[in-house]
Amino acid sequence: MQHLDHDRLVFLALGESEADHGETDHLGGCVTCRRELESLRHVAGLGAGTQGLHDLPDPPAHLWAGILAELDAVAQVPSLAEAHRQDLGPDPTQARPAARNGVDPTYRRPAAATGDPQPSGTGDRRPTAVTGDRPESRRPSSSPGGGRAARPAGRSRRWPRWATTVVSATAAAAIAVFGTVLVLGDRGATPRQDVLASAPLAAYGSTPADARGDARVFADGRLHLHVANLPDVTGYYEVWLINPTTMEMFSVGVLRGSSGDALLPLPPNVDLQAYSVVDVSAEQYDNKPAHSGDSLLRGTLTG
């Protein structure tokens, strides 16, 4: 099943267009598209309801305290890779020194039973008893004489990669939701626009019969077009308003694709009684601003 285009559902949710018979039938049988439309309408309603809010209250202190507590908790989680290395202990693949005169240089003779102390040369070590302690207890000392630099007291552990990903994804999701509310809310104070005139657009001339569309002129001076199944062209689609008496015309704008919605601004004080025909044409990239004569859709505004 082919679902309705997301942009088309946005227009329906904003009330700037009405579903045609095919779309209504699809929404009646498609749970996915119906749920998406309901969700978009809910977001649009939230955006419309916040138009009168100018000075938003500051978030409560406990909200920021909770966020900081979560971030601190994540920062304390050790790196999985570091914990894995600690469990493995020293690298077993490290090359051993070559034997001399048949004697393994890594072998150290145990201390004598008399209790004499073992010489403390750099290469001599007292044999370590096998215990159940974690490998950390057998790692080289972090003291200045143990060969490893101690971790600074004020320096926190690096965040693990997965924790950074989680925090980034959460922040991106919050920004996306907030941005969606702002964008949908900025489309108008109310989801539905007053329509001054409308026209169904039908295939014109040799255009395939399944090409269709509709046009609405809103009170704010914009022309909303919904088109579907326009034939492919090598150039682009252009929208015109035509005076059927004098055949004078002017261009309103261009469409982005063969199906979808567009909002195009109309000239101030345009006479819709005279320029009542909406025309969608196929144009070429030929530097000729005039109408090509190849009309694909036409309809007459009424209302």
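Look at helix α2 from the side turned away from its buried residues, and you'll find the exposed residues His-21, Asp-25, Gly-28 and Gly-29. Keep in mind that this is a predicted model.

Now turn α2 around. This helix covers residues 21–29, and its buried residues are Glu-23, His-26 and Leu-27. Looking down the axis of α2, these buried residues fall within an arc of 95°, so they line one face of the helix. A bit of background helps here: an α-helix has 3.6 residues a turn, so residues three or four places apart point the same way.

What sits over that buried face? The cover includes helix α1 (6–14), helix α3 (31–49) and strand β3 (222–228). There's also a nice detail at the start of α2, where a side-chain oxygen of Asp-20 reaches to within 3.3 Å of the backbone nitrogen of Gly-22.

**Salt bridges**

Glu-23 leads us to the next topic, since salt bridges that share partners join Arg-8, Glu-23 and Asp-261 into one network. How many salt bridges does the structure hold? The count is seven. The idea behind them is simple: side chains of opposite charge can pair when their charged atoms come close. Here are some of these pairs.

| Salt bridge | N to O distance |
|---|---|
| Asp-7 and Arg-256 | 4.0 Å |
| Asp-220 and Arg-222 | 2.8 Å |
| Asp-279 and Arg-298 | 2.6 Å |

Start with Asp-7 and Arg-256, whose side chains meet in a salt bridge. Asp-7 lies in helix α1, while Arg-256 is in the loop between β5 (249–255) and β6 (260–265), so the pair ties together parts that are 249 residues apart in sequence. Asp-7 is partly exposed, with 38% relative accessible area, and Arg-256 is exposed at 78%.

In the pair of Asp-220 with Arg-222, Asp-220 is partly exposed, with a relative accessible area of 40%.

Then there's the salt bridge between Asp-279 and Arg-298. This one links distant parts of the chain: Asp-279 belongs to strand β7 (residues 277–283) and Arg-298 to strand β8 (residues 295–300), 19 residues apart. Is Asp-279 buried or exposed? With a relative accessibility of 0%, Asp-279 counts as buried. Its partner Arg-298 has 23%, which makes Arg-298 partly exposed, because the cut-off for buried is under 20%.

**A threonine in a loop**

Next, have a look at Thr-207, in the loop between β1 (195–203) and β2 (212–218). Being in a loop doesn't leave Thr-207 out in the open: its relative accessibility is 10%, so Thr-207 counts as buried. Which backbone oxygens does the Thr-207 side chain reach? One belongs to Tyr-204, at 2.8 Å, and another to Leu-296, at 3.1 Å. Leaving aside residues up to four places away in sequence, Thr-207 touches Pro-231, Ser-295 and Leu-296. Leu-296 therefore turns up among the touching residues as well as offering its backbone oxygen to the threonine side chain.

**A nonpolar patch**

Finally, head for the surface. Leu-63, Trp-64 and Ile-67 form a nonpolar patch there, and together they have about 290 Å² of accessible area. Trp-64 has its place in helix α4 (residues 61–75). With 49% relative accessibility, Trp-64 counts as partly exposed, because a residue needs over 50% to be called exposed.

Terms used: Residues numbered from 1 in each chain as written. Predicted model: local features only at pLDDT ≥ 70, side-chain atom pairs only at ≥ 80, totals over all residues. Heavy atoms only, no water. Buried < 20%, exposed > 50% of the residue type's maximum accessible area, 1.4 Å probe, protein only. Helix = DSSP H or I, 4+ residues; strand = E, 2+ residues; numbered from the N terminus. Arc of directions from axis to C-beta. Contact = heavy atoms within 4.5 Å. Polar contact = N/O pair within 3.5 Å; in protein donor to acceptor, adjacent residues only side chain to side chain. Patch = residues over 30% accessible without salt bridge, like charges linked within 9 Å, V, L, I, M, F, W, Y side chains within 5 Å. Areas by Shrake-Rupley, 256 points an atom, 1.4 Å probe, with all protein chains shown as cover.
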